Amino acid sequence: MRFKNPTRLAVACALALAALPGFAQVPAFPGAVGFGANATGGRGGAIVHVTNLNDAGAGSFRDAVNVPNRIVVFDVGGYIVLKSPVSVQGNITIAGQTAPGDGVGIMGGEVSLSNKSNIIVRGLRVRQGNLDPLTGKSAIGASKTTNFILDHCSIEYGQWDSFDAVKAVDFTVQNTIIANPIGQQFGAHVEGGPSTFYRNLWVNGHNRQPLSKDNTQFINNVVYDYQAGYTVGNTGGYFSHDLVNNYFVAGPGTSTTSNYYYQVNNKQTIYAVGNFADTNRDGTLNGSAQNKVGSSIPSATPWAPTTPAIPALAAADAYFNVTASAGVWPRDPVDQVAVNDTLSVGTRGSLTKNQASTGLPNLGYGILNGSTPLPDLNGDGIPDYWAQAYGIGMNDPAAAGAPFGTSGYTNIEAYANSLVLPDLWTAQDVGGAALAGAATYNPLTQAWVLTGAGSFDQAQFASRPWTADGMVTARIDALGAGQAGVMVRGATGTQAPFVALVLDASGTLTLLARPSDGAATASVQGTGFAAGTWLRLRQGGDTFTASTSADGVAWTPFDTAHATLAANARAGVGVASGDAGVRAAATLSQVAAGAGFYQDVTASVKITRSGFTLNRTNGMWNGTVTFTNASAAPLSGTLLFRLDALTGGVTLANQAGSDGAAPFLVLPVSALAPGASATVATSFLNPARAAIGYVPKLYTGTL
């Protein structure tokens with residue numbers, strides 16, 4: 001009976017929004033998974049700005065969340081110091097990722113979602129700590145809260161629990177750091193459910209990581225330096241748990257290394273696959289499979305029909321993904337302490353009763369620096385560079401609340417969602433840029449929009465970790481009075497070695513290279529290029545080959561450059577203005593950076609797609625794609641089928657991975673002789689029941 005009213009409420013909200021012009025039933029944001037994925041938050045409501053860091057009053061965070069039916073954006077970055085708990089109303093979206101500078105944090109008190117419904121929280125740091133005299137409170141309280149989702153948040157220094165969700169129903173916590181609880185040193189207390197915990201990083205907790213007295217999905221989490229990890233507490237209740245591809249890593253504070261599962265009795269039915277534990281604390285990730293969970297009843301199938309549809313990395317891959325991507329970006333020192341402890345794989349970390357033990361300034365809370373927001377002519381929360389890129393009226397304050405095409409999201413949601421970059425990607429100004437830039441990735445259009453100032457050596461740089469002998473590619477779709485291109489860079493400093501292939505507004509293409517730290521920058525130029533050109537850098541040893549293409553299929557070598565880059569190099573796309581005093585913007589697509597050499601061979605194959613069938617049991621739309629080698633030469637190596645321009649809101653549930661944020665599948669053959677065929681099954685999760693569209697492309701190479 002406990003699920004009856006929340007389910008009706010969620011359905012009613014979804015139907016009401018679907019009935020509004022331009023809105024459809026879509027996930028809370030692209031990439032939302034689990035039981036809280038259908039929250040709509042403040043969609044369609046008022047857009048309210050947090051304009052100061054005051055505890056209360058006009059323009060404060062407390063004032064902004066005190067009224068329901070709102071989307072809350074931030075014009076200011078830094079810490080908000082609470083004098084008492086803040087109560088968040090229902091039907092609200094808190095878009096913490098919109099805060100400028102280092103972002104926004106809440107310290108010294110609880111943020112309470114309790115007794116409310118339909119809430120989306122993204123990009124928010126909540127750090128209670130012992131500055132709060134109310135030791136019975138948690139960092140985030142969600143007692144009796146229904147239909148909500150937390151994403152890319154950072155929850156630290158909780159006193160009672162970091163996250164308390166007793167009698168909470170239908171919620172998700174994903175991509176979040178839950179670390180260094182003080183007081184009871186507990187991670188999360190959950191009763192009620194169902195709940196989903198996905199790709200979270202749990203660090204230095206005594207117990208409750210989480211305590212799950214409910215039906216739970218626990219997928220791709222990393223739990224480090226536990227005294228008790230996944231816990232049920234030998235409860236008297238009968239619950240089901242799906243534990244999929246999680247990694248438990250013992251640390252200095254782990255007193256009993258086998259307690260990665262704790263107090264799980266025979267009233268619990270558990271589907272456990274792909275879970276690992278590393279208990280030797282030797283500084284190397286080398287754990288073993290651990291899928292026997294206490295005295296629970298093992299299940300061969302998941303209890304939740306949506307579990308197979310949630311993209312799950314192998315446990316070791318999840319470890320690297322979560323440590324690289326979880327939490328609020330840009331990462332601040334508090335989160336970095338938790339991440340660095342985890343990356344030590346058993347040699348660093350400790351349980352603490354006082355956040356000051358971190359040694360960080362500001363009583364251990366660290367410092368968050370604000371910044372001036374980017375120009376926003378109509379003050380609607382969407383910066384001018386982004387509005388202009390998408391043709392959104394910059395003189396109309398109501399434009400932010402209008403539908404973003406037929407996506408089902410408003411313009412302000414589409415912008416805010418684009419600030420959360422794909423996994424492993426980060427963005428920053430390099431080379432000491434005088435004016436702050438910004439980078440966004442819109443999963444609805446699969447386009448990057450960046451703005452930056454200065455020379456390209458001072459670009460706004462969106463990048464991911466680089467593996468030597470890889471390739472980075474992008475198409476320049478729109479370019480103003482500036483420069484845009486692809487870059488591989490050894491570090492973010494002013495004299496770091498780098499190689500970049502850059503197109504400017506005049507049609508001049510430039511290959512730039514600083515071969516070593518502090519060396520002079522060399523350049524080679526060519527003319528006659530235009531927007532729509534594809535750019536590619538391909539590394540082999542210390543040689544980088546630059547190429548261009550008109551269609552992404554046929555590539556023409558441009559020139560070569562040389563540079564020696566460290567193992568921590570990054571690759572991606574950048575934008576600069578050529579003038580330190582102004583910003584320029586550009587739109588790029590087909591962005592990909594990764595290991596291996598991939599060659600697009602789509603022109604050499606015949607592609608046949610089946611129709612889709614709906615499996616009403618699991619909600620999957622299933623189909624097949626057949627590739628036939630139509631050329632006279634064999635195609636060999638790994639054959640990778642990439643789904644470009646996948647319809648927004650649709651997820652390829654059985655993907656093998658992603659390449660530049662485009663999902664891909666691997667063909668079940670290592671070669672295709674002339675005339676030979678291979679078929680790949682596709683399985684899509686499509687909550688909005690939209691028409692499923694994508695551009696199929698076949699690549700050969702090595703993964």
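The legends below describe close-up views of a predicted model.

**Figure 1. Overall view of the protein chain, with six helices and 52 strands.** The radius of gyration is 25 Å, close to the 27 Å that the globule rule gives for 703 residues, so the protein chain is as compact as a globular protein of that length. Its C-alpha trace spans about 70 × 60 × 55 Å along the principal axes. Of the 703 residues, 57% are buried. Among contacts with a separation of 6 or more, 67% are between residues 24 or more positions apart. The exposed area of the protein chain is about 24,500 Å², and carbon and sulfur atoms supply 53% of that area.

**Figure 2. The aromatic pair of Trp386 and Phe404.** The structure holds 29 aromatic pairs. In the one shown here, the ring centres of Trp386 and Phe404 are 6.1 Å apart and the planes meet at 35 degrees, so the pair is tilted. The angle falls in the range between the limits of 30 degrees for stacked and 60 degrees for edge-to-face. Trp386 belongs to helix α5 (residues 384-389), while Phe404 is in the loop between α5 and α6 (411-418), so the pair ties together parts that are 18 residues apart in sequence. Trp386 has 0% relative accessibility and therefore counts as buried. Phe404, at 12% relative accessibility, also counts as buried, because the cut-off is under 20%.

**Figure 3. A cluster of aromatic rings linked by ring pairs.** The members of the cluster are Phe148, Phe163, Phe171, Phe197, Trp202, Phe218 and Tyr230.

**Figure 4. Two arginine residues placed over aromatic rings.** The charged end of Arg122 sits over the ring of Phe29, at 3.7 Å from the ring centre. In the second case, Arg536 lies over the face of Trp555, and the distance to the ring centre is 4.3 Å.

**Figure 5. The surroundings of Asn215 in strand β17.** Strand β17 covers residues 211-219. Asn215 has 18% relative accessibility and so counts as buried. Leaving aside residues up to four places away in sequence, Asn215 touches Pro194, Ser195, Phe239, Ser240 and Trp303. With Ser240 there is a specific approach: the side chain of Asn215 reaches the backbone nitrogen of Ser240 at 2.9 Å. The C-alpha atoms of Asn215 and Tyr238 are separated by 8.8 Å, and these two residues are 23 residues apart along the chain. Pro194, one of the residues touched by Asn215, is found in strand β15 (residues 188-198).

**Figure 6. Two cis peptide bonds that lead into proline.** Gly193 and Pro194 are joined by a cis peptide bond with omega of about 10 degrees. Pro194 is in strand β15. The peptide bond from Trp329 to Pro330 is also cis, and its omega is near 0 degrees. Pro330 lies in the loop between α3 (315-325) and α4 (333-343).

**Figure 7. Positive phi at Asn118 and Lys167.** Asn118 is a residue other than glycine, and its phi is near 65 degrees. Its place is in strand β8 (residues 117-122). Asn118 counts as buried because its relative accessibility is 2%. Lys167, likewise not glycine, has a phi near 60 degrees. Lys167 is found in strand β13 (residues 163-174). At 53% relative accessibility, Lys167 counts as exposed, because the cut-off for that class is over 50%.

**Figure 8. Helix α3, its buried residues and what covers them.** The buried residues of α3 are Ala315, Ala318, Tyr319, Asn321, Val322, Thr323 and Ser325. An α-helix has 3.6 residues a turn, so residues three or four places apart point the same way. The cover over the buried residues of α3 includes the strands β16 (201-203), β18 (222-224), β21 (247-249) and β24 (276-278), together with α4. After α3 comes Gly327, with a positive phi near 90 degrees. The loop between α3 and α4 also holds Pro330, whose peptide bond from Trp329 is cis.

Notes
Residues numbered from 1 in each chain as written. Predicted model: local features only at pLDDT ≥ 70, side-chain atom pairs only at ≥ 80, totals over all residues. Heavy atoms only, no water. Phe/Tyr/Trp six-rings, centres within 6.5 Å; stacked < 30°, edge-to-face > 60°. Helix = DSSP H or I, 4+ residues; strand = E, 2+ residues; numbered from the N terminus. Buried < 20%, exposed > 50% of the residue type's maximum accessible area, 1.4 Å probe, protein only. Lys NZ or Arg CZ within 6 Å of the ring centre and 35° of its normal. Rg over C-alpha atoms; globule rule 2.2 N^0.38 Å. Contact = heavy atoms within 4.5 Å. Areas by Shrake-Rupley, 256 points an atom, 1.4 Å probe, with all protein chains shown as cover. Polar contact = N/O pair within 3.5 Å; in protein donor to acceptor, adjacent residues only side chain to side chain.
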